[in-house]
Amino acid sequence: MGGGVEEWTQERTLEKPANQLDLSEEELNEEITRILTSNNPHAPQNIVRYTYKERTYKPMSTVDQLAVHCVLEGNLIHKDSDEARSQRAQQGLIKGQYTMQTSLNLSIYKDEDPGEEAVEMVEGEGGVNEEMGDEESNVRKERKLKNQFNFWDRGSQTLNNPLRCTMYDVYTEELQLQEKNKEKQRTQSSKEDKRETKLVPTETQSDDISKLARVSTNMERMVVQNIFDDIAQDFQYFEDSADEFSEGGTLLPLWKFHYSKAKRLSVTSLCWNQKYQDLFGVGLGSYDFTKQGSGMLLLYTVKNCTFPQYIFSTDSSVMCLDIHTKMSYLVAVGFYDGCVAVYNLKLKTMLPTHKSSVLSGKHTDPVWQVRWQKDDMDNHHNFFSVSSDGRVVSWTLIKVLKEYVYIRYTLSLKPILTLFICHADSGRCIDFHKEFDNMFLLGTEEGKIHKSSKAYSNHLIQTYNAHNMAVEAVRWNHFHPRVFISCSYDWTVKIWDHTVPTPMFTFDLNAAVGDVSWAPYSSTVFAAVTSDGKVHVFDLNTNKYKALCQQLVVAKDTSQLTHIEFNPVHPIIIVGDDHGYINCFKLSPNLRKKPKVSLLTLSGFPVK
């Protein structure tokens with residue numbers, strides 16, 4: 001500006017924008033009052049809600065006026081608060097050590113720097129430790145207090161157990177243990193003075209494969225039960241509702257057992273294990289004289305129907321078997337060539353532990369039946385066998401003392417007692433009395449049934465002219481001491497009182513009867529199988545004249561049934577045919593009824 005006039009001395013003029021609104025003096029002097037309230041000016045006033053009580057839409061009387069402008073979550077705690085004291089106590093910061101105290105603006109996050117003025121070192125009662133190194137003091141400075149609201153930081157500070165490879169440790173310990181056992185065996189063998197010793201494997205070495213086999217067996221059973229889960233459910237829960245409206249019953253098919261290498265063999269015998277009720281033995285061979293060859297002894301379990309639990313191959317056809325009632329691992333077997341043998345399931349061998357021979361004595365004809373008996377007075381296991389040569393032989397497992405390099409005991413199978421029943425008759429089946437151990441029944445191929453005793457070597461107590469053809473099975477009743485049952489290929493099943501020479505009941509089944517068996521839960525229930533592929537189940541307490549169930553199991557044109565057995569506990573039966581198949585069935589409720597009274601009348605004779 002010219003004239004040397006300073007700027008601050010000039011008068012200020014009001015410059016008005018061109019688009020400014022021109023107001024009059026009165027409008028400029030007018031006072032406009034504005035009141036600040038907590039109401040949100042942007043909140044809608046026409047909100048409508050549906051009321052279920054009045055079933056109509058109604059405007060809301062109140063509107064939420066709260067407006068949130070800023071939210072800040074705090075992560076600081078006061079150093080003198082209870083939370084800070086508890087955290088210091090958890091970290092083990094006690095008196096006599098350097099501790100870290102934080103001010104109100106100290107953050108707990110590791111990526112934030114609180115500043116030098118925010119951290120102070122407090123001296124404990126024990127004094128300052130001058131020997132503390134710089135590294136340890138730096139570690140102490142980096143320690144921060146945790147906040148109860150920061151869960152991620154609190155979780156990261158928890159102590160987790162470190163992962164370890166336990167399998168590697170177990171194998172390492174096992175290898176070390178085996179090395180110690182080998183070293184002990186070497187030391188033992190070096191001390192022997194020119195004597196041949198046989199090193200026996202230790203438990204840890206021998207149990208390796210057995211443990212793996214046991215685990216794999218359990219895994220296989222679990223897989224099979226998952227595959228056949230519907231059958232397992234039927235076995236446990238299914239009941240035929242049609243039994244409520246009729247006296248008859250039905251057989252529900254469950255499992256089918258078959259071994260691929262036994263296609264051309266017939267089921268010659270069946271036997272349940274009395275200790276393990278899910279296990280049963282199967283004898284496989286041939287009844288045809290022109291088709292004789294090798295046979296098999298199989299043991300199945302209902303927990304795995306796809307493959308046998310035990311497999312034993314034999315040089316001759318297996319014609320009969322029996323599992324010991326107490327020693328459930330001992331299985332007596334009779335062969336077509338006249339030999340008898342005993343298999344021990346505990347031993348890992350495919351050969352029998354005891355077997356008769358020409359030198360020790362054997363039958364000259366096929367062995368049709370074997371039966372375990374109670375141990376003798378010397379606690380020796382023994383069983384009886386019956387053959388077509390007319391002899392009933394008692395076989396005993398005796399410990400024989402032998403001297404080789406060492407003294408050891410071995411078991412020998414020897415015929416102790418031979419009963420010459422009759423040279424003219426050929427033995428076919430045998431069964432011992434449930435209460436009187438000496439009394440037994442012998443069925444013959446000529447159709448006769450002989451009652452005899454072990455106390456007489458060549459004497460018959462009584463003879464029954466039972467059937468017109470060979471007697472296939474004879475069995476004492478489980479409950480009544482005077483009643484027994486028999487069947488034959490002459491199509492008949494007969495029930496006897498051993499004090500009466502004539503049968504009490506005779507049932508014609510219109511086909512050759514291969515086997516008959518009493519039920520273990522009732523004295524009046526029995527079942528039979530015929531060559532036309534049918535299973536017949538009778539209950540004399542319900543109907544004394546006809547069967548409650550006649551069910552076709554296999555096609556009569558292709559195969560025929562040979563044997564049947566009741567399970568000792570479960571309401572199921574197993575049926576074998578001449579093609580090597582074993583079918584398992586569940587009895588419907590009408591077929592497994594137990595008598596309501598303790599004594600029933602069976603043609604004038606009391607029956608439990």
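In this predicted model, Arg428 is placed over the face of Trp368, at 3.9 Å from the ring centre. A second charge over a ring is that of Lys346, which lies over the face of Tyr329 at 4.3 Å from the ring centre.

These two arrangements belong to a chain of 608 residues, of which buried residues make up 40%, and which contains 7 helices and 34 strands. Among its contacts with a separation of 6 or more, 49% join residues 24 or more positions apart, while the accessible surface comes to about 38500 Å², with 52% of that area belonging to carbon and sulfur atoms.

Aromatic rings also meet one another, and the structure holds 23 aromatic pairs. In one of them, the rings of Tyr50 and Tyr52 have centres 5.1 Å apart and planes at 85°, so this pair is edge-to-face. Tyr50 counts as partly exposed because its relative accessibility is 36%, and Tyr52, with a relative accessible area of 70%, is exposed.

The rings of Phe484 and Trp496 have their centres 6.0 Å apart, but their planes stand at 0°, so the pair is stacked. Phe484 lies in strand β23 (residues 483–488) and Trp496 in strand β24 (residues 492–497), so the pair ties together parts that are 12 residues apart in sequence. Both partners are buried: Phe484 has a relative accessible area of 0%, and Trp496 has a relative accessibility of 1%.

Beyond these pairs, Phe505, Phe507, Trp518, Phe526 and Phe538 come together in one aromatic cluster.

How values were computed. Residues are numbered from 1 along each chain as its sequence is written. This is a predicted model: local features need pLDDT of at least 70, side-chain atom pairs count only at pLDDT 80 or more; totals for chains, interfaces and linings use all residues. Side-chain values use heavy atoms; hydrogens and water are left out. Helices (H or I, at least four residues) and strands (E, at least two) are DSSP runs, numbered from the N terminus. Buried means under 20% relative accessible area, exposed over 50%, partly exposed in between (1.4 Å probe, protein chains only). Contact means heavy atoms within 4.5 Å. Accessible areas come from the Shrake-Rupley method with a 1.4 Å probe; for residues, only the protein chains shown count as cover. Rings of Phe, Tyr and Trp (its six-membered ring) pair if their centres lie within 6.5 Å; planes under 30 degrees apart count as stacked, over 60 as edge-to-face and the rest as tilted. A charge sits over a ring if NZ of Lys or CZ of Arg is within 6 Å of the ring centre and within 35 degrees of the ring normal.
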